[in-house]
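Colleague: Please take one part of this model and go through it closely, residue by residue. I would like the cut-offs stated along the way.

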Amino acid sequence: MARFDKIAVLMKMGEAPVVPVFYHSDAATACAVLKACYEGGVRAFEFTNRGDFAHEVFAQVVKFAAEECPDMAVGIGSVVEPATASLYIQMGACFVVGPMFNPEVARVCNRRGVPYTPGCGTVSEVGNAQECGCDLCKIFPGDVLGPNFVKGLLAPMPWSRLMVTGGVEPTEENLSKWFRAGVYCVGMGSKLFPKDKVAASDWQYVADMCRLSLEIARRYRK
């Protein structure tokens, strides 16, 4: 069961509007990265469902977070069908993210009070997702759609909460564009966790980059 309800999760994403997106097959490494992000001020962490037995790693990460990072909401990403959503919700996922919108996933998440953030690439997809109870929609892929898409969508639909993933970098030039356009938060993956830094267990680098990204995001967020 999720440790935080839908409102609490959305508030965490709003107050610390950078959501790390990470996967690793080694649970110890995943836990170390999560801890570094927590120390850097992050309060919502997306573990992606990408490798074999990813659910087993996720279970260990959730248990670790409950003890070592008590204010961290751990969610699952790369979910495309309801069975996978149910599996991870049973393991304690506080939120579910997908690269696409599947209304059946929305039904599963709504039933359990877990926020579902689907990937949307058009205004109509965002609208359909909102009708199915998605309070936060993911603009994906961000590097293809760009900040102008966010700005254009929010003009006629200012009530929309949008998270962008893809093409997000921990720099003032990049983050300022997204937050000036009006995103609610951003999801950031490999730019926060360069392979060489992970291989070297340089967790201080990860914490510092999270802290820097949050400082920039808060400066420009509307």
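Modeller: P82 counts as partly exposed, because its relative accessibility is 26% (buried is under 20%, exposed over 50%, partly exposed in between, with a 1.4 Å probe and protein chains only). The model is predicted, so local features need pLDDT of at least 70 and side-chain atom pairs pLDDT 80 or more, while totals for chains, interfaces and linings use all residues. Residues are numbered from 1 along each chain as its sequence is written, and side-chain values use heavy atoms, without hydrogens or water.

P82 belongs to helix α4, which covers residues 82-90 (helices are DSSP runs of H or I with at least four residues, strands runs of E with at least two, numbered from the N terminus). Outside its neighbours within four places in sequence, P82 is in contact (heavy atoms within 4.5 Å) with N102, E104, V105 and V108. A106 is 24 residues from P82 along the chain, and the C-alpha atoms of P82 and A106 are separated by 8.1 Å.

The loop between β3 (73-77) and α4 holds S78. Like P82, S78 is placed in the partly exposed class; for S78 this is because its relative accessibility is 23%. The backbone of S78 has a positive phi, about 60 degrees, although S78 is not a glycine. Most residues other than glycine have a negative phi, and most peptide bonds are trans.

S78 also leads to T48, a residue of strand β2. Leaving aside neighbours within four places in sequence, T48 is in contact with S78 and with I76 and G77, as well as with V21, F22, Y23 and A54. T48 itself is buried, since its relative accessible area is 1%. Thus T48 is buried, whereas its contact partner S78 is partly exposed.

Two other backbone details are worth checking alongside S78. S201, in the loop between α10 and α11 (203-220), has a phi near 55 degrees, again a positive value in a residue other than glycine. With a relative accessibility of 42%, S201 counts as partly exposed. The other detail concerns a peptide bond: the one from F140 to P141 is cis, with omega near -5 degrees. P141 sits in the loop between β7 (136-139) and α7 (142-145).
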